[in-house]
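Here are some exercises to work through with the sequence and the model side by side. Try each task on your own before reading its solution.

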Amino acid sequence: MAATDSELTGLQKAAILLITLGPEKSATVFKHLKEEEIEDLTLEIANTRSISPAVKEQVINEFYEICLAQQYIAEGGIGYAKELLEKALGADKANDVIGKLTASLQVKPFEFMRKTDPSQLLSFIQDEHPQTIALILSYLSAQQAALIISSLPSEAQADVARRIAQMDRTSPDVIKEVERVLESKLANLVNQDYTVIGGVDQVVEILNSSDRGTEKHIMEILEIEDPALADEIRKKMFVFEDVLLLDDRAIQRVLRDVDNSDLGLALKGANEEVQNAIFKNLSKRLAEMIKEDMEFMGPVRMKDVEEAQQKIVNIIRKLEDSGEVVISRGGGDELVV
């Protein structure tokens, strides 16, 4: 192989690295890869005929530099990593390594905030504009964001949640400006692609990690100010497969309000784990009857299955609202009836 390091693709470099590491270490690496990645790498390794010592050394050095950068980023963010790499490798090489890393791993802005205690973050951002808070929370973990949003003044909670849900794409220039104002260490983002953040799914994840009081307060305000958005959020907050989060007593209470025909149709499109969780909480005779109904109904439309599952989800949410079923929030508390 006469190619230089700069002419090789990422896949070729990965194959060369694994060949250099040897079969035992490569097998360990494979355990952490997806099936299609293993297939691609195996094919590339099989097609690699010879590697010059110089190319081997270049690939190993690049791998080492990226590992080093990752370690520095984990310790103190991109700015910290860049500073140390500049001292170790020089400015040009440091920029090159950071560029490759941010492009391949899509390192997110506000990295330093994800490593900060939520209570400190709250005092740091609570006086910012709601749109700025929404932007920051969109980049935090759901657990961090839930703690912060639940600690905001009640009048600000729904406003911030709505802004997260309605957020679509944010220019990297805007992100950089927010980082600069907040004295962020992440002033030198390499990737200039627009970053997709926020959205309904993210606000759902945050609300699911919040305490029930915060969630209820936010949803009540959204139902008044933006009923369509509130309905979209509510539909995603508890999906049918989440019955696995309920204990047996809670499932039994839910099943008392579920029509048997809806249950059979809903289970027709459910996985085996969900089916078993339901069947074990039915009487043996009723479970057999529903299994027979599912068998005899033959093929069914996915739309009908989803409607039946949504009916059951609505029953669960109704029971939660009335206090008959309590769903644990963010801390792993036991579900009780």
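The exercises below go from the whole chain to single side-chain pairs, and the model they use is predicted.

**Exercise 1. The chain as a whole**

Find how many helices and strands the protein chain has, and what share of its residues is buried.

Solution. Start with the secondary structure: the protein chain holds 19 helices and two strands. Next, turn to burial, where 42% of the 337 residues are buried. The accessible surface is about 18600 Å², and carbon and sulfur atoms account for 50% of that area. Finally, look at the contacts between residues at least 6 apart in sequence: 72% of them join residues at least 24 apart.

**Exercise 2. Helix α8**

Decide whether helix α8 (residues 130–139) is largely enclosed or not.

Solution. First list the buried residues of α8: they are Thr132, Ile133, Ala134, Leu135, Ile136, Leu137, Ser138 and Tyr139. That makes eight of the ten residues in the helix, so α8 is largely enclosed by the rest of the structure.

**Exercise 3. The nonpolar cores**

Work out which residues have the most contacts inside the largest nonpolar core, and which element gives the largest share of this core.

Solution. The largest nonpolar core consists of 33 residues, and Leu137, Ile149, Val160 and Ile233 are those with the most contacts inside it. Now go through the elements that contribute two or more residues: these are α7 (118–125), α8, α9 (142–151), α10 (154–166), α12 (200–209), α13 (212–225) and α14 (227–237). Of the core residues, six come from α8, the largest share. There is also a second, separate core, with 31 residues, including Val243, Leu255, Ala287 and Ala308.

**Exercise 4. A salt bridge inside a helix**

Take the salt bridge between Arg163 and Asp159, and find how many residues apart the partners lie and how each one is classed for burial.

Solution. The closest N and O atoms of Arg163 and Asp159 are 3.0 Å apart. Both residues belong to helix α10 and sit four residues apart, about one turn of the helix. An α-helix has 3.6 residues a turn, so residues three or four places apart point the same way. For burial, the cut-off is under 20% relative accessible area. Asp159, at 17%, therefore counts as buried, while Arg163, at 25%, counts as partly exposed.

**Exercise 5. Two further salt bridges**

Class the partners in the pairs Asp257–Arg253 and Lys311–Asp262, and say what the second pair ties together.

Solution. Begin with Asp257 and Arg253, whose side chains meet in a salt bridge of 3.3 Å, N to O. Asp257 is partly exposed at 41% relative accessibility, and Arg253 is buried at 10%.

In the second pair, Lys311 and Asp262 have their closest N and O atoms 3.6 Å apart. Lys311 is in helix α19 (residues 302–322) and Asp262 is in helix α16 (residues 260–268), so this salt bridge ties together parts that are 49 residues apart in sequence. Lys311 is partly exposed, with 44% relative accessibility, and Asp262 is buried, with a relative accessible area of 16%.

To widen the view, note that salt bridges with shared partners link Asp159, Arg162, Arg163 and Glu225 into one network. The count for the structure comes to eleven salt bridges.

**Exercise 6. Aromatic rings**

Find how many aromatic pairs the structure holds, and which residue lies over the face of Phe279.

Solution. The number of aromatic pairs is zero. Lys291 is the residue over the face of Phe279, at 4.8 Å from the ring centre.

Conventions:
Residues are numbered from 1 along each chain as its sequence is written. This is a predicted model: local features need pLDDT of at least 70, side-chain atom pairs count only at pLDDT 80 or more; totals for chains, interfaces and linings use all residues. Side-chain values use heavy atoms; hydrogens and water are left out. Rings of Phe, Tyr and Trp (its six-membered ring) pair if their centres lie within 6.5 Å; planes under 30 degrees apart count as stacked, over 60 as edge-to-face and the rest as tilted. A charge sits over a ring if NZ of Lys or CZ of Arg is within 6 Å of the ring centre and within 35 degrees of the ring normal. Buried means under 20% relative accessible area, exposed over 50%, partly exposed in between (1.4 Å probe, protein chains only). Contact means heavy atoms within 4.5 Å. Accessible areas come from the Shrake-Rupley method with a 1.4 Å probe; for residues, only the protein chains shown count as cover. A nonpolar core is a set of buried Ala, Val, Leu, Ile, Met, Phe, Trp, Tyr and Cys residues joined through side-chain atoms within 4.5 Å. A salt bridge is a side-chain nitrogen of Lys or Arg within 4 Å of a carboxyl oxygen of Asp or Glu.
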